[in-house]
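What follows is a short walk through one protein chain, from its overall fold to its interior and then to its surface. Please keep the sequence and the structure in view while reading.

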Amino acid sequence: MISLTVTALVFGVVFLAELPDKTALAGLVLGTRYRASYVFAGVAAAFALHVALAVAAGSVLTLLPQQLVHALTGVLFLGGAAVLLMRKGEDEEEIRKPENQSFWKVSGAGFMLILVAEFGDLTQIMTANLAARYDDPLSVGLGAVLALWAVAGLGIVGGKALMKKVPLKLITQIAALLMLALGVWSLWEAVSG
């Protein structure tokens, strides 16, 4: 059964953490060069694969004693918050153009770009932490994949407009505060449990 509370929480945290990420910018660049639906298909498939790997890793962590898992996820959340707060603006990475506009070339380029760029990324680690924290792989996976797809869609279709209205620094600070709160909560549970 899917928990709407866990799904919504995961969606919010992952969405805010992914917005200032380089992959949102990469989606925006690809979306301006190629058919948006082709780009989204490749990007969405890569994100789904990353979430599946992250949830599987997080599910393995649930086999450990709960206090240890809470302490580990707390430290990792605090580390993620620190990374977000200390990160400087990232430069746009060079994106190679597929030689033609076919579905397979464009979606393949999107898939490979996200597959490589997101491996071991903060949101993938965060998804694994959330899967370990809530021991609800389906809800965590659904929330994370929907958040990543939403960010990709925003990046591909309307990233420039969003970034003009909402400062990237504010989005990053909100994501860091949420991660900080989750880290403190997890550590509190580790100490009090």
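Helices and strands are here DSSP runs, a helix having at least four residues and a strand at least two, and they are numbered from the N terminus. By that count the chain of this predicted model has eight helices and zero strands. Read from the N terminus on, the order of elements is thus simply α-α-α-α-α-α-α-α.

The chain has 193 residues, and 45% of them count as buried. Among contacts with a separation of 6 or more, 93% join residues that lie 24 or more positions apart.

Now the interior. The largest nonpolar core holds 32 residues, and Val10, Val14, Val39, Met126, Leu130 and Val140 have the most contacts inside it. Two or more core residues come from each of α1 (4-18), α3 (36-61), α5 (103-118), α6 (122-134) and α7 (137-165). Helix α7 gives the largest share, eight residues. Val39 can serve as an example: leaving out residues up to four places away in sequence, Val39 touches Leu30, Gly31, Tyr34, Val106 and Ile156.

Then the surface. The chain exposes about 9900 Å², of which carbon and sulfur atoms supply 70%. A nonpolar patch on the surface is formed by Ile2, Leu4, Leu138, Leu142 and Leu146, with about 460 Å² of accessible area together. Helix α7 again appears, giving three residues, the largest share of the patch.

One of the patch residues, Leu142, has its place in helix α7. Is Leu142 buried, partly exposed or exposed? Leu142 counts as partly exposed because its relative accessibility is 31%, and partly exposed covers what lies between under 20% and over 50%.

Technical notes: Residues are numbered from 1 along each chain as its sequence is written. This is a predicted model: local features need pLDDT of at least 70, side-chain atom pairs count only at pLDDT 80 or more; totals for chains, interfaces and linings use all residues. Side-chain values use heavy atoms; hydrogens and water are left out. A nonpolar core is a set of buried Ala, Val, Leu, Ile, Met, Phe, Trp, Tyr and Cys residues joined through side-chain atoms within 4.5 Å. Buried means under 20% relative accessible area, exposed over 50%, partly exposed in between (1.4 Å probe, protein chains only). Contact means heavy atoms within 4.5 Å. Accessible areas come from the Shrake-Rupley method with a 1.4 Å probe; for residues, only the protein chains shown count as cover. Patches are made of residues with over 30% relative accessible area and no salt bridge: like charges are joined within 9 Å, nonpolar side chains (Val, Leu, Ile, Met, Phe, Trp, Tyr) within 5 Å. A salt bridge is a side-chain nitrogen of Lys or Arg within 4 Å of a carboxyl oxygen of Asp or Glu.
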